[in-house]
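Trainee: I am new to this structure and would be grateful for a close look at one part of it. Could you take the salt bridges as the subject and explain their surroundings?

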Amino acid sequence: MTRLLVTVSMAVLAVGTAAGAAGAPPSALHILFLGNSLTATNDLPATVDRIAAATGRRVEYRTIAPGGFALEDHWNQGDAREALRTGGWDVVVMQQGPSALPESQVNLREWASRWADEARRVGTTPALLTVWPESYRRGALKDVIGSYARAARAARAELLPGGSAWRLAWRCEPRTPLYGPDGFHPSTTGTYAAALVVYGRLFKAPLAGLKAPSGIARRVARRLQASAARALGRRVPPARRCG
């Protein structure tokens, strides 16, 4: 398996054609992750890989995630475009910062659309991973979720609603420790919540009953699995929504 982490910081993720197409769920995916430290922290792509491997599925991936990068930065630097063009990826998963402010929303829509067009040109499915605001701006999470949803529609990209999974987990238990020590980058729990969304959508796979990863209590893992499933629009019985 290819595991290349170009830089540890924020992250933009990539989603392949096999995942977005109708038909049988894929058993293997070749994924390019483009983003920044929000993806690189705790190695979200590797977390997706571990979830997939535990269910008999396979992920081959590359991560390009320099700290603080936005999609515009990736485009202008050129390395990510070359990787997309030559990699034969199924999916490109993209992410930048929260993008909740009006000018940031415009920027996200513009560059997500440009990347999505480029991805489709080389036969790759584009996907946009919703992130979250800093903890001191936690009230802006709704705006972040809306910004990414509108950008995904504009770009005709797959939406991976990681931020929505965080919000639903907090509705069940506001003290769920999704932030890391700096109050912005995710804890391993927060990364797991986002990885569940990526895995569940791209592989069209069920999330209930997955084994809890090391370091996350079983009840918390069940809560995150249910929250991720609900974020993906799946029906979860009321008695199981909070794990």
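Mentor: A residue is called buried under 20% relative accessible area, exposed over 50%, and partly exposed in between. E60 has a relative accessible area of 28%, so it counts as partly exposed. Please bear in mind that the model is predicted.

E60 is a suitable place to begin, for it forms a salt bridge with R58, in which the closest N and O atoms are 2.8 Å apart. R58 is likewise partly exposed, because its relative accessibility is 41%. In total, the count comes to nine salt bridges.

A second pair joins the side chains of R156 and D117, with 4.0 Å from N to O. R156 is found in the loop between α7 and β7, whereas D117 belongs to helix α6, so this salt bridge ties together parts that are 39 residues apart in sequence. R156 is exposed, at 57% relative accessibility, while D117 is partly exposed, with a relative accessible area of 43%. These two residues also belong to a network of salt bridges that links D117, R120 and R156.

The helix that carries D117 has a packing partner. Helix α5 (residues 79–86) packs against helix α6 (residues 102–121) at an angle of about 30 degrees, and their axes are 9 Å apart. The two helices are therefore roughly parallel. Their crossing is right-handed. On the α5 side the contact involves A80, R81 and L84, which meet W115, E118 and A119 of α6. By character, the residues of this contact comprise four nonpolar, no polar and two charged.

A third pair is formed by E134 and R137, whose side chains meet in a salt bridge of 2.9 Å, N to O. E134 sits in the loop between β6 (125–129) and α7 (141–155). With a relative accessible area of 18%, E134 is buried, whereas R137 is partly exposed at 25% relative accessibility. Beyond its neighbours within four places in sequence, E134 is in contact with P98, Y179, G183 and F184.

The strand and helix on either side of that loop also take part in the surroundings of helix α8. The buried residues of α8 pack against β6 and α7, and also against β7 (158–160), α9 (188–202) and α10 (218–231). Eight of the 11 residues of α8 (residues 162–172) are buried, so this helix is largely enclosed by the rest of the structure. Among the buried residues are W166, L168 and W170.

Technical notes
Residues are numbered from 1 along each chain as its sequence is written. This is a predicted model: local features need pLDDT of at least 70, side-chain atom pairs count only at pLDDT 80 or more; totals for chains, interfaces and linings use all residues. Side-chain values use heavy atoms; hydrogens and water are left out. Helices (H or I, at least four residues) and strands (E, at least two) are DSSP runs, numbered from the N terminus. Contact means heavy atoms within 4.5 Å. Buried means under 20% relative accessible area, exposed over 50%, partly exposed in between (1.4 Å probe, protein chains only). Axes are lines fitted to C-alpha atoms, for helices over the stretch in contact, and angles run from 0 to 180 degrees between N-to-C directions. Angles under 35 degrees count as roughly parallel, over 145 as roughly antiparallel, 65 to 115 as roughly perpendicular and the rest as oblique. A crossing is left-handed if the near helix is turned anticlockwise from the far one by less than a right angle, and right-handed if clockwise. Ala, Val, Leu, Ile, Met, Phe, Trp, Tyr, Cys and Pro count as nonpolar, Asp, Glu, Lys and Arg as charged, and the others, Gly among them, as polar.
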